[in-house]
Amino acid sequence: KRQTWALMEKGIVPKRVYLIHLSPINELAKESRLMLDRLVTFHNECSIIDMSVPYTELMEFRHKINEIIERETRLNSRVYIDITPGRKLFAVSLMSIPAIFKVESISYLFIDNLSDADYPYPMIPFKRQSLVEVEVRR
């Protein structure tokens with residue numbers, strides 16, 4: 001949710017945000033959805049699509065990601081991938097995507113102090129955060 005907010009602040013407003021939860025869905029996932037709902041109310045053209053994957057199913061997760069990217073590529077969408085909130089294993093599995101698909105970026109919102117990690121994006125001092133682009137299509 002924070003990375004989407006950061007992109008929107010840069011003028012990049014998504015048409016669709018895929019929120020992929022590892023099941024069972026926890027309170028943090030519900031909170032992320034609520035925050036995204038509030039964020040996109042200012043952008044009527046943005047929709048949020050929820051998906052759930054069992055936390056033990058890495059291959060199912062990758063299959064769903066591949067399907068999403070293939071669909072969005074057919075629609076000529078620009079694809080941005082946020083690995084900030086994910087489990088390390090799932091985030092690492094996404095690092096090979098640029099070798100397979102054309103994506104705009106894979107990014108991570110780095111916050112230098114975890115005491116701020118639960119705050120909404122604009123409440124975290126900007127000098128303590130940075131949107132790190134891990135892979136960018138040029």
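**Figure 1. Arg 33 and Asp 50 meet side chain to side chain in a salt bridge, with 2.1 Å from N to O.** Arg 33 sits in helix α2 and Asp 50 in strand β2 (residues 47–54), so this pair ties together parts of the chain that are 17 residues apart in sequence. Everything shown here and in the other close-ups comes from a predicted model. Asp 50 is partly exposed, at 38% relative accessible area. Arg 33 is partly exposed too, with a value of 25%.

**Figure 2. Asp 37 joins in, making a salt bridge to Arg 33.** For this pair, the closest N and O atoms are 2.9 Å apart. What separates the two along helix α2 (residues 27–40)? About one helical turn, because Asp 37 and Arg 33 are 4 residues apart there. Asp 37 comes out as partly exposed, with a relative accessible area of 29%. Put the pieces together and you get a salt-bridge network linking Arg 33, Asp 37 and Asp 50.

**Figure 3. Glu 72 and Arg 16 pair up through their side chains in a salt bridge, at 2.6 Å from N to O.** Glu 72 belongs to helix α3 and Arg 16 to strand β1 (residues 16–23), so the contact ties together parts that lie 56 residues apart in sequence. Is each partner buried or partly exposed? Glu 72 is buried, at a relative accessible area of 6%, whereas Arg 16 is partly exposed at 28%. As a bit of background, side chains of opposite charge can pair when their charged atoms come close. Across the structure, the salt bridges number 3.

**Figure 4. Lys 64 is a buried residue that has no salt bridge.** This lysine is part of helix α3. Which side chain of opposite charge is nearest to Lys 64? That would be Glu 60, sitting 4.1 Å away. A salt bridge here requires a side-chain nitrogen within 4 Å of a carboxyl oxygen, so the Glu 60 pair doesn't make the list. Lys 64 does have a polar neighbour in the backbone, though: the oxygen of Ser 52 is 3.1 Å from a polar atom of the Lys 64 side chain. Leave out the neighbours within four places in sequence, and the contacts of Lys 64 are Met 51, Ser 52 and Val 53.

**Figure 5. Asn 76 has a positive phi without being a glycine.** The angle is about 60°. Where does this residue sit? Look in the loop between α3 (58–74) and β3 (80–82). Asn 76 counts as exposed because its relative accessibility is 69%.

**Figure 6. Ile 100 is an exposed isoleucine in a helix.** The helix is α5, covering residues 97–100. With 52% relative accessibility, Ile 100 counts as exposed. For a distance to check in your viewer, try Ile 100 and Asn 66: they are 34 residues apart along the chain, and their C-alpha atoms are separated by 9.1 Å.

**Figure 7. Tyr 108, Phe 110 and Val 132 make a nonpolar surface patch.** The patch amounts to about 250 Å². One of its members, Val 132, is found in strand β5, which runs over residues 129–136. Val 132 counts as partly exposed, since its relative accessibility is 35%.

**Figure 8. Zooming back out, the chain holds 5 helices and 5 strands.** In sequence order, the elements read α-β-α-β-α-β-α-α-β-β. How much of the chain is buried? Of its 138 residues, 36% are. Among contacts with a separation of 6 or more, 70% are between residues 24 or more positions apart. The exposed area of the chain is about 8,700 Å², and carbon and sulfur atoms supply 55% of that.

Note on methods:
Residues are numbered from 1 along each chain as its sequence is written. This is a predicted model: local features need pLDDT of at least 70, side-chain atom pairs count only at pLDDT 80 or more; totals for chains, interfaces and linings use all residues. Side-chain values use heavy atoms; hydrogens and water are left out. Buried means under 20% relative accessible area, exposed over 50%, partly exposed in between (1.4 Å probe, protein chains only). Contact means heavy atoms within 4.5 Å. Accessible areas come from the Shrake-Rupley method with a 1.4 Å probe; for residues, only the protein chains shown count as cover. Lys and Arg count as positive and Asp and Glu as negative; His and the chain ends are not counted. A polar contact is a pair of N or O atoms within 3.5 Å; within protein, one must be able to donate a hydrogen and the other to accept it, and residues adjacent in sequence count only if both atoms are side-chain atoms. Patches are made of residues with over 30% relative accessible area and no salt bridge: like charges are joined within 9 Å, nonpolar side chains (Val, Leu, Ile, Met, Phe, Trp, Tyr) within 5 Å.
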